[in-house]
Number of protein chains: 2
Amino acid sequence: MDAVTFAKGGVRILDQARLPHETAYITCRTPGEVADAIRGMNVRGAPAIGVAAAYGMALSKDPAEAAAVLKKARPTAADLSNAVDYVLAAMKAGKTALDAANGWHRMIRENTAAISRHGASLIPGGARVLLHCNAGPLATAGSGTSLGAVLEAAKTKRVFAYVDETRPRFQGALTSWELAQAGIEHRVIVDAAAGSLMRRGMVDMAMVGADRIARNGDFANKIGTYPLAVAARENSVPFYVLAPLSTFDFSLADGDGIVVEERHEDEVLEVSGKRVYGKGARALNPAFDVTPARYVTAYVTEKGIGKAEGLARWKDTPASSSK
Amino acid sequence: MDAVTFAKGGVRILDQARLPHETAYITCRTPGEVADAIRGMNVRGAPAIGVAAAYGMALSKDPAEAAAVLKKARPTAADLSNAVDYVLAAMKAGKTALDAANGWHRMIRENTAAISRHGASLIPGGARVLLHCNAGPLATAGSGTSLGAVLEAAKTKRVFAYVDETRPRFQGALTSWELAQAGIEHRVIVDAAAGSLMRRGMVDMAMVGADRIARNGDFANKIGTYPLAVAARENSVPFYVLAPLSTFDFSLADGDGIVVEERHEDEVLEVSGKRVYGKGARALNPAFDVTPARYVTAYVTEKGIGKAEGLARWKDTPASSSK
């Protein structure tokens with residue numbers, strides 16, 4: 001079940017807003033429709049957003065306009081503009097947009113497969129891994145990052161996962177669904193329960209994805225990642241960030257420059273289509289938070305496993321060098 | 001609108017499971033019905049549970065049996081057994097159960113009013129106070145504790161509150177409703193957003209209630225309190241625990257002895273009556289967590305404001321001395 005494909009002249013998106021209850025697809029015929037699907041989180045997860053945007057570039061005869069429309073769909077995921085810039089550069093070099101997009105997608109598949117393998121090497125047999133948000137095949141249009149590592153490890157070892165429900169949009173339901181399909185035992189928890197499970201010695205490591213990683217290793221990820229990282233360090237629980245280099249933004253010195261998207265307050269106030277709050281209640285809905293590099297035990301990219309200090313050496317990659 | 005009253009031979013409970021959408025009351029005619037309302041969280045909040053249980057003692061001719069039924073309704077809130085023991089002791093001294101329960105309720109009203117005043121003295125004008133779970137009039141059958149302090153402060157100063165939604169049961173909806181009735185500006189956030197708001201300098205202090213406080217100051221409170229306390233200390237945000245002495249369990253040396261209730265996993269897996277997860281998904285649902293005393297800036301009880309080291313001197317109170 002592919003999160004994003006290009007078929008019959010359109011970008012075919014598995015609608016993640018309707019999973020796990022319904023398997024439905026959306027076909028986008030214009031860059032604007034792809035941007036809408038990204039904004040509406042029908043496709044979500046930084047690498048998957050990047051793949052969708054790359055294919056979206058093949059839906060227009062005006063690359064500059066398509067790029068502008070796609071790039072402003074959501075502000076935080078670095079993959080979005082990295083993918084679009086990659087396609088633009090490849091087009092300047094004479095490729096078609098679709099060939100370039102296919103190349104980007106192939107690279108993401110290879111890179112997330114490598115990340116999953118590297119990540120799996122960090123997971124000993126019997127480990128209990130805490131996951132936040134969803135960073136598996138759905139989120140990457142590939143093998144996944146943090147969840148990819150768990151899926152890969154489970155091929156040869158016994159692994160157990162705690163799944164943060166990930167309010168407000170319950171991406172934990174996607175993670176639970178992907179784990180269930182692979183037959184991996186897991187328990188869903190409310191996000192605020194993760195800290196005390198760590199304190200009670202029930203968590204062996206936390207693994208998360210990322211939406212944008214600055215040069216020094218500070219990174220944005222789904223809201224709730226920062227308090228998780230703080231609780232992990234407080235309880236000596238290793239905390240790993242897994243992401244392809246396409247999620248890196250080497251133009252940013254640190255996390256202070258990361259733009260955190262504020263989403264509509266109804267995502268918080270309404271649940272399953274029902275308003276939980278009284279009339280006139282207001283909410284604040286930051287979709288991401290920024291975690292300083294000092295909380296991260298190690299980063300896992302397609303290049304391997306490294307510390308924050310060594311990230312800069314990974315700069316010369318196809319994704320970033322194409323800019 | 002009283003959370004708990006005794007009227008016409010029954011314990012009348014404002015059904016908090018239906019608020020803020022519906023104002024409905026449940027009348028309990030037996031201690032078992034009161035225990036069911038406590039277990040079902042129709043009445044919730046440690047002090048309010050205590051008041052309901054005290055009145056529940058007046059519904060039976062067999063005090064020992066009533067006490068046993070009521071005490072086992074929920075395991076974590078200390079007020080429950082403290083209130084029941086208070087009524088039993090008063091009955092041995094010749095009082096009727098109803099007189100004793102009225103005395104307990106009067107004491108809770110006075111003590112929560114005192115806590116609200118002491119707590120309000122910690123809130124400077126213009127402060128942004130973060131609240132977790134619901135600890136206002138509804139939760140105490142009195143003036144409230146942490147939310148009581150905000151309500152009291154707002155009578156004379158400008159106060160703003162961040163309201164944790166408090167998964168899985170969204171007690172933030174009760175807090176938002178009580179704040180709205182008092183005209184206090186606030187924003188609801190998902191629980192996992194609190195940490196990053198602290199990091200961004202948007203929170204001046206956190207105030208929480210408690211369900212059971214050990215002699216050394218370790219305390220149980222709604223799940224999510226511990227990671228909040230950790231993030232608060234990490235960001236030098238003062239973290240206050242507000243609770244009457246009836247929430248203290250001086251028989252416990254520290255938090256390791258606190259029993260944390262595990263509630264049904266459907267509270268996590270179903271939201272607004274709809275299942276969010278795929279078939280066969282499982283959840284873990286600890287209702288509380290335990291926060292070590294070292295994270296607490298100060299405790300606020302009816303006796304005043306104090307540090308963990310000084311809690312033992314508060315032991316000789318009507319509530320605990322009656323045991």
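1. A definition to begin with: two strands are said to pair if DSSP finds at least two bridges between them. With that in hand, welcome to this predicted model. In chain B, strand β7 (residues 205-208) and β10(B) pair in the parallel sense over three bridges. One residue to look for is Met207(B), whose bridge partner in β10(B) is Tyr240(B).

2. Stay with β10(B) for a moment and turn to strand β15 (residues 298-301) of chain B. These two strands also pair in the parallel sense, over three bridges. Here Leu242(B) has Val300(B) as its bridge partner in β15(B).

3. Which way do the side chains of β10(B) point? Phe239(B) and Val241(B) go one way, while Tyr240(B) and Leu242(B) go the other, and all are buried. In a regular strand, side chains alternate between the two faces of the sheet.

4. Now step back to the sheet in chain A. What is the order of the strands in this open sheet? There are seven of them, running β6-β5-β4-β7-β10-β15-β16 with mixed pairing. At the edges are β6 (186-189) and β16 (304-306) of chain A, each of which pairs on one side only. Direction ignored, neighbouring strands of this sheet are turned by 25° against each other on average.

5. Towards the β6 edge, β5(A) and β6(A) pair in the parallel sense over four bridges. Val163(A) stands opposite Val188(A) of β6(A). Helix α8(A) lies across β4 (127-131), β5 and β6 of chain A, and runs at about 160° to β5(A). Helix α10 (residues 225-234) of chain A also packs on the sheet, where it touches β4, β5, β7 (205-208) and β10 (239-242) of chain A. The direction of α10(A) makes about 145° with that of β10(A).

6. Please have a good look at the loop between β5 (159-164) and α8 (172-181) of chain A, where Phe170(A) is found. Is Phe170(A) buried or exposed? Its relative accessibility is 9%, so Phe170(A) counts as buried, given that the limit is under 20%. Leaving aside neighbours within four places in sequence, Phe170(A) is in contact with Glu165(A) and Val271(A), and also with Arg167(B), Val271(B), Val276(B) and Tyr277(B). The C-alpha atom of Phe170(A) is 9.7 Å from that of Val190(A), a residue 20 places away along the chain.

7. That loop also holds Pro168(A), between β5 and α8 of chain A. The peptide bond leading from Arg167(A) to Pro168(A) is cis, with omega near 5°. Another cis bond to check joins Leu19(B) to Pro20(B), with omega near 0°. Pro20(B) lies in the loop between β2 (10-14) and β3 (25-28) of chain B.

8. Two residues other than glycine deserve a glance for their positive phi. Ala141(A), with phi near 50°, lies in the loop between α6 (137-140) and α7 (146-153) of chain A. Ser236(B), with phi near 55°, sits in the loop between α10 (225-234) and β10 (239-242) of chain B. Ala141(A) counts as buried because its relative accessibility is 8%, whereas Ser236(B) is exposed, with a relative accessible area of 67%.

9. Finally, how do the two chains relate? A turn of 180° and a shift of 0.0 Å along the axis lay chain A on chain B with an RMSD of 0.0 Å. That is the relation of a two-fold axis. The same surface serves both copies, as 98% of the contact residues of chain A recur in chain B.

Notes:
Residues numbered from 1 in each chain as written. Chains lettered and ligands numbered in written order. Predicted model: local features only at pLDDT ≥ 70, side-chain atom pairs only at ≥ 80, totals over all residues. Heavy atoms only, no water. Buried < 20%, exposed > 50% of the residue type's maximum accessible area, 1.4 Å probe, protein only. Contact = heavy atoms within 4.5 Å. Least-squares fit on C-alpha atoms with pLDDT ≥ 70 in both. Axes fitted to C-alpha atoms, helices over the stretch in contact; angles between N-to-C directions.
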